[in-house]
Structure formats: structure tokens, C-alpha cells
Amino acid sequence: MKQTILCALSVAATLGLAAETSAAPNGYRTEPINSTDFEVIPRAQQFTDGYWCAAADFARRKLGLGWQDRIYVLRGYGPSVTTGRKTAVQFTIKEPSETPVQPSFVLSSFAAGSSMSVQGANAKCDIRPFFR
């Protein structure tokens, strides 16, 4: 009986860790579209900084980008192609060829071609929105 309980706890802990590693900071989720493109999907709140924070986390941990590498907005708000959720923002690590690149420090929306360094996007993880 003791071994069964220990085995069940071990499996639960392993599954919990696997679910945690696929989640981005601040309650956002990232899903790869292909080897260079991915999307960030909010779970509840949809703060602009949270999207950038999750994109930086994915770029560093999953894609191995450096702090000075850039993340580009591929497509602004729209439906998720990987999960079917109503709202997602798509990012890419390739410089878009069709849209002019718009480096930005303050973004209130996600225009295609907007970009930020991984380090700049990661700094958005420390910003806490004001609660109303």
C-alpha cells in the first residue's frame, strides 16, 4: 500500500512539473507554430506586457535565443491557430520581409513588424499592472 501511494505521488509530481514548464510567466501560454514562429495565448488577463514577457521566456528557454536577439510581432490579436482560443498574438524570431520593422520600447498594440529585444521583452515580466 505504501509503495502504491508513493508511486501515485511521484506520477502526480512529474505531471505537475511537466505542465508547469510549458506555462509562461504571469499566466500566459506559449505554443510553437513552427521552428521560428510561436503564439502567446492568455489564460485570463490580457496585459500587453504579459504577452512580451511570455514571448521572451519562450525565446530564451525553448528557442535558445540570446538577450540581444530580437522578437518580432508576426500577427497582432487574433484567433489562436494552435489551440482555437479566441485571442492570441503571434511572434517570430525571423525578421519579417513584408512589413517594415518597427523597433519599439512602448507598445500599446501589436502591429505586425514591431519588435523588441529578448532582454527588453523580459523586462516586461517585472511590470505589475495597476488593479482597478
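Are Cys53 and Cys125 buried or exposed? Cys53 is buried, and Cys125 is buried too. The legends below describe close-up views of a predicted model.

**View 1. The disulfide between Cys53 and Cys125.** The structure holds one disulfide. The sulfur atoms of Cys53 and Cys125 lie 2.0 Å apart. The pair links distant parts of the chain, 72 residues apart. Cys53 sits in helix α2 (residues 48-61). Cys125 belongs to the segment after α3 (118-123). The torsion about the S-S bond of Cys53 and Cys125 is about 105°, so the disulfide is right-handed. Both ends of this link, Cys53 and Cys125, are buried.

**View 2. Strand β3 paired with strand β6.** Strand β3 covers residues 70-78, and strand β6 covers residues 114-117. The two run antiparallel, joined by three bridges. Arg70 stands opposite Ser117 in β6.

**View 3. Strand β3 paired with strand β4.** Four bridges join β3 to β4 (residues 88-92). This pairing is also antiparallel. Here Tyr72 faces Thr92 of β4 across the pair, standing opposite that residue. Among the elements of the chain, β4 has the highest mean pLDDT, 96.

**View 4. Helix α1 and the low-confidence stretches.** Helix α1 (residues 2-21) has the lowest mean pLDDT among the elements of the chain, 45. Over residues 5-9 the pLDDT is below 50, and this stretch has zero contacts beyond near neighbours in sequence. Residues 11-22 also stay under 50. For residues 11-22 the model has three contacts beyond four places in sequence. Where pLDDT is low, the predicted coordinates should not be read in detail. For the chain, the mean pLDDT is 79, and 68% of residues reach 70 or more.

Notes
Residues numbered from 1 in each chain as written. Predicted model: local features only at pLDDT ≥ 70, side-chain atom pairs only at ≥ 80, totals over all residues. Heavy atoms only, no water. Pairing = 2+ DSSP bridges. pLDDT = per-residue confidence, 0-100. Contact = heavy atoms within 4.5 Å. Disulfide = S-S within 2.5 Å. Buried < 20%, exposed > 50% of the residue type's maximum accessible area, 1.4 Å probe, protein only.
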